[in-house]
Amino acid sequence: MNPDVAVDLSIWELFKNAHIVVQIVIVGLLAASVWSWAIIIEKFFLFAKTRKEADKFEQVFWSGQSLDELYQALAQRRNTGMAALFVAAMREWKRSTERDSGDRSTKPMPGMQHRIEKVMDVTVSREVERLERRLTFLATVGSTAPFIGLFGTVWGIMTSFQAIATTKNTGLAVVAPGIAEALFATALGLLAAIPAVIFYNKFNAEVGRHAARLEGFADEFAAILSRQIDKTL
């Protein structure tokens, strides 16, 4: 290679002239970055919607409206969050009381409270699982993308040394393409990893806060139902 020939180090030329291994690394990192941002945007809207729905439900629940009326209004819908927790607990409550009312000689079984709490625990777990969906991808990208980029870096530097050995020339025109593609792979690895780590931590904290909110509501609602059960035992 003539050292006096200008070397085009544009992004496209770097990719086009890179070794096939480095090209695969670059394409993989770009795809991971795009998918990570798609998840990040989707989670932003999901958590905003979840907070809004929880605020609205709590406002209605604590407004003094009849629990039966609220249950009838929500039972036919597809509910998430606190509304799903409330509907699941009320459904179990009504099933238990209707079954016990079939035999007038018996009162509601003490195990009803335990069943309701179990139903609420399962609902909380499902809600947390729904919110955590695809967050593991962000964690995976955040932990592996720098190393994948480093692999591309090492391969690019190795290509530069091979070019030096082949041409017996250490001029910039010989080593620049390999070094540039190596640094490009490193940059892409960091570009994919940094947002993934930041938003994984943010969304993981959001999941924890919402789970604590659900569990707090479950405890309060369980106490309300427990008082109703005690009145009938």
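Here are a few friendly notes on a predicted model, covering its largest pocket, one helix pair and one glutamine.

1. Let me start with the pocket. The largest one has a volume of about 370 Å³, and 18 residues line it. If you want to find its centre on screen, look for Glu53, Phe57, Leu74, Arg77 and Ala83, the lining residues that lie nearest to it.

2. Which helices supply the lining of the largest pocket, with at least two residues each? They are α2 (20-61), α3 (67-74) and α4 (81-101). The largest share comes from α2, which gives six residues.

3. The chemistry of that lining is mixed: eight residues are nonpolar, six are polar and four are charged.

4. Two of these helices also deserve a look as a pair. The axes of α2 and α3 lie 11 Å apart, and the helices pack at an angle of about 145°. On the α2 side the meeting residues are Phe57, Val60 and Phe61, and on the α3 side they are Leu67, Leu70 and Leu74. This contact consists of six nonpolar residues, with no polar and no charged ones. Phe57 and Leu74 belong to this contact and are also among the residues nearest the centre of the largest pocket.

5. Finally, a polar side chain to inspect: is Gln113 buried or exposed? Gln113 sits in helix α5 (residues 111-132) and counts as buried, because its relative accessible area is 16%, under the 20% limit. Beyond its neighbours within four places in sequence, Gln113 touches Ala222, Leu225, Ser226 and Ile229.

Note on methods. Residues numbered from 1 in each chain as written. Predicted model: local features only at pLDDT ≥ 70, side-chain atom pairs only at ≥ 80, totals over all residues. Heavy atoms only, no water. 1 Å grid on protein atoms, 1.4 Å probe; cavity = no way out; pocket = protein on both sides within 12 Å on 5 of 7 lines; lining within 4 Å. Points joined across faces, edges and corners; volume = space filled by probe spheres on them. Helix = DSSP H or I, 4+ residues; strand = E, 2+ residues; numbered from the N terminus. Nonpolar A, V, L, I, M, F, W, Y, C, P; charged D, E, K, R; others polar. Buried < 20%, exposed > 50% of the residue type's maximum accessible area, 1.4 Å probe, protein only. Contact = heavy atoms within 4.5 Å. Axes fitted to C-alpha atoms, helices over the stretch in contact; angles between N-to-C directions.
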